[in-house]
Amino acid sequence: MFLNKGIIIALLLFSFSTLCQERKKDSIRITTLDEVVVTGQLRPQSIKKSIFEVKVITRKDIERRAGNNLADVLNQLLNIDIFQNSSNGKSDINVLGLDGKYFKILLDNIPIINEEGFGNYTDLTLINLEDVERIELVQGAMGVQYGANSLSGVLNIITRKQSNNSWEIKTFLQEETVGKEYELFNQGRHIQSISVGHQITAKNYINLSYNRNDFKGFLGRFNGKHYDNEDRLRGYSWLPKQQNFAKLLLSHKGEKFSAFYKFDYLHENIFSYDSIVRSNFIPATQTSNPSSFDQVFNNQRFVHHLNFTGSFGKMLYNISASYQKQEKKRESYTYYIRKDAKENIEKNLFLSKEVWFSRGTFNNLINTNKLSLQAGYEFTDEFGFGSPFGVNIAAGESGVSNSLRNFDLFTSAEIDFTENFSFKPGVRVSFTNLFDTQFYYSLSARQLLKHNWEARAVLGVGTRTPNYDELFTYFVDVNHDLRGNKNLNAESGLSTFFHLKKHTDLNENFSIKNKLTFSYININDRIELVTINQTPLQLQYNNIDTFSSKGIALENEFFCKKVQFNLGASYFNITRVLDYDTGETSNKQGNFQLNSNFSYEIPVIKTSVTAYYKYIGKTNRFIQVDGFFENQKINPYSWFDFTTSKKFSKNKIAITFGVRNLFDVTDINTNAVTGGTHSGTNSRISLGYGRSYFLKLAYNINI
């Protein structure tokens, strides 16, 4: 199967080489400026001068993918896997075998609140990409720059703050099938968006935007909301959900002082329809009134972000302050199917979290031709209460609010020993109200070599602090006993990456970029949910796990006129050891991945064609069955997407058509068996809902 699908890559390579053979003698070579990156830098720098290896996903990349959220954009990258949950619609990220607890997602350089963390375990479907300028990705420990829980890397989403036009109005409609299912109002995915920006003066800008994403769910083998037979086929395989995003941006950009205020709002409803139907037979009338027990989960998030940048003399400062709040509510009710009526309605708030956050960096504290020094701080005050099960919280137990406070100080220096060799040491100290003082260290270096070779090395030591659920969860009734653990230790980790990169210009039409990466991550005292008592069954979070990952990746980019072709491959090996009480369980995993994409722009007809392919090899992981850990083997699979876009009317109108999941992947086999009442897993893992088609119509007005 893999070889057959690999034919697609061979065809793309052949097409690429054919296109590059055509050369015009009078062609003019266009040299583009190096991209400027900010993530982890002492100051905005070009990619070549950056000590960290930063991968940039541009606005054009996002538009080629017709990505609606972060999951759509990241799922084709090497060593990054996106796992979707069909029961709640969430998408989680996995980097080099580590889940979202170890990877930090930032929006304009600050973490974003979510129900399971602050900047971590982010649901990728809740990150809207409208007005995103670019995305910067750094793999490897970034603890000195961004604190705890960034052992596998950070991703920084950077939004637009200014415009080259007095007025910009952008709007689009997108219709998408969900597998084979589509109706204009009742099935499929329906997206509408509008953004209005105005450059009030040369220095002042305002933007308002709104985005609505209406996912009607995926029926699969089920029959929807109005089905009233008692055969457990009511409901959806993937739950329907509606998302509304709104944003306000006010920005000022001056020569020595700039500022912006940004307000982001999210409202989401997830609709859960029970598969069990009760007939409610009435003997007197020989009729029935079928009903079911349904729920609606409501999620609201507010993010206020105020930022100031400027200079005092030679010192540069960048200060952000943010207040964020997230609430989750549940409405449960008896739904009478034939009457389309709700009764016995109960509403409750089961999660409420608030965060005050501030981050400041001060650069050029020492600034010479050889040395630049940065110092900074971070303050986080996270408080609230919550239950991951969406139930009412008993007063005196988890209903008591808990808080986690951090105050961090960090400093790093960039030392240029020569024009081609730079060295960057850094240290961070973190004070918290729940754990011992934590320390983070990093050493980074960049060497520019002859013939356009570049070498970068990053070594980082950091921690992952337990999240809210691991510390404070309390869910105990006649059927469950699941508890957090306030005595958990922070996990400690070591991460090192080495990158070797080369840029080659073969002629005025053809250039190649090659990058080879070696990685190593080691983590001690990993936290797992374990059985502390068999009868009755009691589960609790404890520090029991050791994890290590060794990897190698090769990425190649080929550019020829309006053609771009990427081909990459990676292999990483993971070793995990669980040691709890008297037992020790080992798990070894090797995973091979291959990705490729091909894009071709045809200027004459203003059309672009893009194809994306990714292969994920056989892998395995620990799963828990009735309180015991077992190895679960996951079969390999491939993912292929295709898009084509055409512009009309002086680029004001753009139509994009695409196919997601062309190989029609839905779920994959594992060797696991269905678990017990409180734990376990299915023998198949759901990855998607099959081949889907989308059509996007965008209209842009620039005045």
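Strand β6 (residues 103–107) lines up with β11 in the parallel sense, and the two share 5 bridges. That's a handy way into this predicted model, since the pair belongs to an open sheet of 5 strands ordered β3-β10-β11-β6-β7, with mixed pairing. β3 and β7 (110–111) are the edge strands with a single partner each, so one side of each has no neighbour in the sheet.

**Who pairs with whom**
- Within the β6/β11 pair, Leu107 has Ile157 of β11 as its bridge partner.
- β11 (residues 153–159) also pairs with β10, this time in the antiparallel sense, over 7 bridges.
- In that pairing, Leu137 sits opposite Leu155 of β11.
- On to the β3 edge: strand β3 (residues 55–58) runs antiparallel to β10, with 4 bridges between them.
- Here Ile57 is bridged to Ile135 in β10.
- As a general reminder, backbone hydrogen bonds are what pair the strands of a sheet, whether parallel or antiparallel.

**How covered is β10?**
- Strand β10 spans residues 132–139, and 7 of its 8 residues are buried, which leaves the strand mostly covered.

**The whole chain**
- There are 5 helices and 41 strands in the chain.
- The chain runs to 703 residues, and 53% of them count as buried.
- If you look at contacts with a separation of 6 or more, 63% of them come from residues 24 or more positions apart.
- About 31800 Å² of the chain is exposed, and carbon and sulfur atoms account for 56% of that area.

Terms used
Residues are numbered from 1 along each chain as its sequence is written. This is a predicted model: local features need pLDDT of at least 70, side-chain atom pairs count only at pLDDT 80 or more; totals for chains, interfaces and linings use all residues. Side-chain values use heavy atoms; hydrogens and water are left out. Buried means under 20% relative accessible area, exposed over 50%, partly exposed in between (1.4 Å probe, protein chains only). Contact means heavy atoms within 4.5 Å. Accessible areas come from the Shrake-Rupley method with a 1.4 Å probe; for residues, only the protein chains shown count as cover. Two strands pair if DSSP finds at least two bridges between them.
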